[in-house]
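Visitor: Could you take a close look at one part of this model for me, the sheet and the helices that pack on it? I would like a connected account, going from one element to the next.

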Amino acid sequence: MQSVLLKIQGMHCGGCAQSIKRLLEREPGVESAEVSFESGEARVRFDPARLGPERLVSVLGPPGYHAEVHPQP
Ligand SMILES: [Cu+2]
């Protein structure tokens, strides 16, 4: 399992964070997604054999969110 931090633009309320969580967690290979409206970030745990961070970013595009992978130290 691998973990990635996404910076997300376009959230307007806690409901947006909830729907982003649902969108991410229904992707096969995503174990969990914790999304914070306050910080504009999502922490996603996923199986790198099944999908990559770029897939997570593209899932959020059509509903109107702009996500970027935050470089990990
Ligand atoms: Cu909202």
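Guide: Helix α2, residues 53–60 in this predicted model, lies across β1, β3 and β4, and its direction runs at about 160° to that of β4. The strands beneath belong to an open sheet of four, arranged in the order β2-β3-β1-β4 with antiparallel pairing. Its edges are formed by β2 (30–36) and β4 (66–70), each of which pairs on one side only, and neighbouring strands are turned against each other by 25° on average, direction ignored.

At the β2 edge, six bridges join this strand to the antiparallel β3, residues 41–46, and within that pairing valine 30 stands opposite phenylalanine 46 of β3. Helix α1, residues 14–25, also packs on the sheet, where it touches β1 (2–9), β2 and β3, with a direction that makes about 165° with that of β2.

Within helix α1 one may look more closely at cysteine 16. When residues up to four places away in sequence are left out, cysteine 16 touches Met11 and Phe37. Valine 35 is 19 residues from cysteine 16 in sequence, and the two are 9.2 Å apart in space, C-alpha to C-alpha. As for its surroundings, cysteine 16 has 17 other C-beta atoms within 10 Å, and it therefore counts as partly exposed, since burial would require 20 or more such atoms and exposure 12 or fewer.

Conventions. Residues are numbered from 1 along each chain as its sequence is written. This is a predicted model: local features need pLDDT of at least 70, side-chain atom pairs count only at pLDDT 80 or more; totals for chains, interfaces and linings use all residues. Two strands pair if DSSP finds at least two bridges between them. Helices (H or I, at least four residues) and strands (E, at least two) are DSSP runs, numbered from the N terminus. Axes are lines fitted to C-alpha atoms, for helices over the stretch in contact, and angles run from 0 to 180 degrees between N-to-C directions. Two residues are in contact if their C-beta atoms, placed from the backbone, lie within 7 Å.
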